[in-house]
Amino acid sequence: MDKSCTLSVIVPFHNADSTIEECIYSIIKQMPSCSELILIDDHSSDNSWKICQTFSKRYARIFVYQNEGIGVLDCIIKVTTQKM
């Protein structure tokens, strides 16, 4: 993650392989250049994680994390406080 970034868009998802790609493209089109997209997988059992990994490899300002069983909110707090 870029510590100088001024805007972080956080999207938690669960089994969203039919919609996550459209969601990501929609957000990217609207994001300012100094912003980042943080995707948090909440134990998906479909291809959502792989789709998001592909995007994070393609776009430097997309970051993907997996919830480690601590709850989505706690995962968001953990990911965002690592930036500080």
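Reader: I'm new here, so let's start with one residue: where is the place of Asp46?
Author: Keep in mind that you're looking at a predicted model. Asp46 isn't in a helix or a strand there; its place is in the loop between S2 and H2.

Reader: Is Asp46 buried or exposed, or partly exposed?
Author: The relative accessible area of Asp46 is 23%. Buried would need a value under 20%, and exposed one over 50%. With 23%, Asp46 therefore counts as partly exposed.

Reader: Which residues is Asp46 in contact with, leaving aside its neighbours within four places in sequence?
Author: One partner is 31 residues away in sequence, yet its C-alpha sits 5.4 Å from that of Asp46, and that's Asn15. The full set of contacts, once those neighbours are left out, is Asn15, Ala16 and Asp17.

Reader: Where is Asn15 found?
Author: Asn15 has a positive phi, near 45 degrees, although this residue isn't a glycine. At 34% relative accessibility, Asn15 counts as partly exposed. As for its place, Asn15 is found in the loop between strand S1 (7–13) and H1.

Reader: And what value is phi of His43 near?
Author: His43 has its place in the loop between strand S2 (35–41) and H2. With a relative accessible area of 47%, this histidine is partly exposed. Phi of His43 is positive too, again in a residue other than glycine, and is near 60 degrees.

Reader: Which residues does His14 touch, not counting those up to four places away in sequence?
Author: His14 lies in the loop between S1 and H1, and at 45% relative accessibility it counts as partly exposed. Setting aside residues up to four places away, His14 touches Asp42, His43 and Ser44.

Reader: How many Å separate the C-alpha atoms of His14 and Ile40?
Author: Along the chain, His14 and Ile40 are 26 residues apart. In space, their C-alpha atoms are separated by 8.6 Å.

Reader: Let me step back: in what order do the elements of the chain run from the N terminus on?
Author: The chain has three helices and three strands. Reading from the N terminus, they run β-α-β-α-β-α.

Reader: What share of the contacts in the chain with a separation of 6 or more comes from residues 24 or more positions apart?
Author: We've already met such a contact, since Asp46 touches Asn15, and those two are 31 residues apart in sequence. Over the chain, residues 24 or more positions apart make up a share of 81%.

Reader: How are H1 and H2 oriented to each other, roughly parallel or antiparallel?
Author: Helix H1 (residues 20–30) and helix H2 (residues 48–58) pack with their axes 10 Å apart and at an angle of about 30 degrees. Angles under 35 degrees count as roughly parallel. H1 and H2 are therefore roughly parallel.

Reader: How do the residues of the contact of H1 with H2 divide into nonpolar, polar and charged?
Author: H1 passes H2 in a right-handed crossing. From H1, the contact is made by Ile20, Glu21, Ile24, Tyr25 and Ile28, and from H2 by Ile51, Cys52, Phe55 and Arg58. Sorted by kind, those residues are seven nonpolar, no polar and two charged.

Reader: Is the ring pair of Tyr25 and Phe55 edge-to-face or stacked?
Author: Tyr25 lies in helix H1 and Phe55 in helix H2, so the pair ties together parts 30 residues apart in sequence. The ring centres are 5.0 Å apart and the planes stand at 75 degrees. Planes over 60 degrees apart count as edge-to-face. So this pair is edge-to-face.

Reader: Which residue forms a stacked aromatic pair with Phe55?
Author: The structure holds two aromatic pairs, and ring pairs link three residues into a cluster, Tyr25 and Phe55 among them. In the stacked pair, the rings are 6.1 Å apart centre to centre, with 15 degrees between the planes, and the partner of Phe55 is Tyr59.

Reader: At what relative accessibility does Phe55 count as buried?
Author: Its two ring partners count as partly exposed, Tyr25 at 30% relative accessibility and Tyr59 at 25%. Phe55 counts as buried, because its relative accessibility is 2%.

Reader: Last one: is Phe63 buried or exposed?
Author: Phe63 lies in strand S3 (residues 62–66), and its C-alpha atom is 8.5 Å from that of Cys52, 11 residues away along the chain. Its relative accessibility is 18%, so Phe63 counts as buried.

Technical notes
Residues are numbered from 1 along each chain as its sequence is written. This is a predicted model: local features need pLDDT of at least 70, side-chain atom pairs count only at pLDDT 80 or more; totals for chains, interfaces and linings use all residues. Side-chain values use heavy atoms; hydrogens and water are left out. Axes are lines fitted to C-alpha atoms, for helices over the stretch in contact, and angles run from 0 to 180 degrees between N-to-C directions. Helices (H or I, at least four residues) and strands (E, at least two) are DSSP runs, numbered from the N terminus. Angles under 35 degrees count as roughly parallel, over 145 as roughly antiparallel, 65 to 115 as roughly perpendicular and the rest as oblique. A crossing is left-handed if the near helix is turned anticlockwise from the far one by less than a right angle, and right-handed if clockwise. Contact means heavy atoms within 4.5 Å. Ala, Val, Leu, Ile, Met, Phe, Trp, Tyr, Cys and Pro count as nonpolar, Asp, Glu, Lys and Arg as charged, and the others, Gly among them, as polar. Rings of Phe, Tyr and Trp (its six-membered ring) pair if their centres lie within 6.5 Å; planes under 30 degrees apart count as stacked, over 60 as edge-to-face and the rest as tilted. Buried means under 20% relative accessible area, exposed over 50%, partly exposed in between (1.4 Å probe, protein chains only).
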